[in-house]
Amino acid sequence: MKDKRFVVYRLRKLAILLRILGLDVLYSQNEDYISVINFAGRAHRILISRVKFLRKLPWIFYLISNDLDEQLEQIVKGLELKIEKNNLFTRCSACNNLLQEVQEEEIKNEVPNDVCRKGYWFKKCSNCGKIFWNGNHMITLKEKFKKLNI
Ligand SMILES: [Zn+2]
């Protein structure tokens, strides 16, 4: 398999973190489990699941832990994911679309005043319109990734 792609069911924080790492992650929470399993199989996506009895299905990656950091570590190591630094923060954590870099000037009316003129980069999602920048939360995330040798 070349680039691994994923479906995450009802583990919203995990889906967000994986997208921040640049991974292609569809998130589903309202569908029934059987539909999600079938969809993931058909779409050649790995379904990341906490449901133990499903773990024998070949396209299911079973998470041992309830802890978010441990889950992340298990996924990155267990699936031998190569996380490229260049891919960090390239995907919209809300909708999985690829982000585009934008100039502060273009979006200054759409973001809080206090994040402007700080030298941050800004990226915008052309699908849902969300804007991201490398504020303080990025430091916390980078520490988290560092622990995982990402
Ligand atoms: Zn988006």
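Contacts that reach far along the sequence make up a good part of the picture here: 47% of the contacts in the protein chain with a separation of 6 or more link residues 24 or more positions apart. The model is a predicted one. Of the 150 residues in the protein chain, 23% come out as buried, and the C-alpha trace spans about 50 × 30 × 25 Å along its principal axes.

As for secondary structure, the protein chain has five helices and seven strands. Reading along the sequence gives the pattern β-α-β-α-β-β-α-β-α-β-β-α. The chain is split into domain 1, covering 5–86, and domain 2, covering 99–147. Taken over C-alpha atoms, the centres of domain 1 and domain 2 sit 26 Å apart.

Helix H1 is a handy place to start, with Leu18 as one of its residues. Leu18 counts as buried because it has 26 C-beta neighbours inside 10 Å, the cut-off for that label being 20 or more. Leaving aside residues up to four places away in sequence, Leu18 touches Phe6, Val8, Leu23 and Val25. There is also a longer link to look at: Leu18 and Ser93 are 75 residues apart along the chain, yet their C-alpha atoms are separated by 8.3 Å.

Next comes helix H2 (residues 33–42), where the buried residues are Val36, Ile37 and Ala40. Viewed down the axis of H2, these buried residues fall within an arc of 100 degrees, so they line one face of the helix. The general rule behind this sort of pattern is that an α-helix has 3.6 residues a turn, so residues three or four places apart point the same way. On the face of H2 turned away from the buried side are the exposed residues Ile34, Ser35, Asn38 and Arg42. As for what the buried residues of H2 pack against, the partners are strand S1 (5–9), strand S2 (24–28) and S3. After H2 comes His44, with a positive phi near 55 degrees.

Helix H3 (residues 68–78) can be read in a similar way, its buried residues being Gln71, Leu72 and Ile75. Down the axis of H3, the buried residues fall within an arc of 100 degrees, so they too line one face of the helix. Asp69, Glu70, Lys77 and Gly78 are exposed, and they are carried on the face of H3 turned away from its buried side. The buried residues of H3 pack against helix H1 (12–20), strand S3 (46–49) and strand S4 (60–62). Strand S3 thus turns up in the packing of H2 and in that of H3. Just after H3, Glu80 has a positive phi of about 50 degrees.

Further along the chain, three strands form an open sheet in the order S5-S6-S7, paired antiparallel. Its edge strands are strand S5 (99–102) and strand S7 (131–133), each of which pairs on one side only. Ignoring direction, neighbouring strands of this sheet are turned by 35 degrees against each other on average. S5 and strand S6 (residues 122–125) run antiparallel and are joined by four bridges. Within that pairing, Val102 stands opposite Phe122 in S6.

Notes
Residues numbered from 1 in each chain as written. Predicted model: local features only at pLDDT ≥ 70, side-chain atom pairs only at ≥ 80, totals over all residues. Pairing = 2+ DSSP bridges. Helix = DSSP H or I, 4+ residues; strand = E, 2+ residues; numbered from the N terminus. Axes fitted to C-alpha atoms, helices over the stretch in contact; angles between N-to-C directions. Buried ≥ 20, exposed ≤ 12 C-beta atoms within 10 Å, placed from the backbone. Arc of directions from axis to C-beta. Contact = placed C-beta atoms within 7 Å. Domains from an automatic or database assignment.
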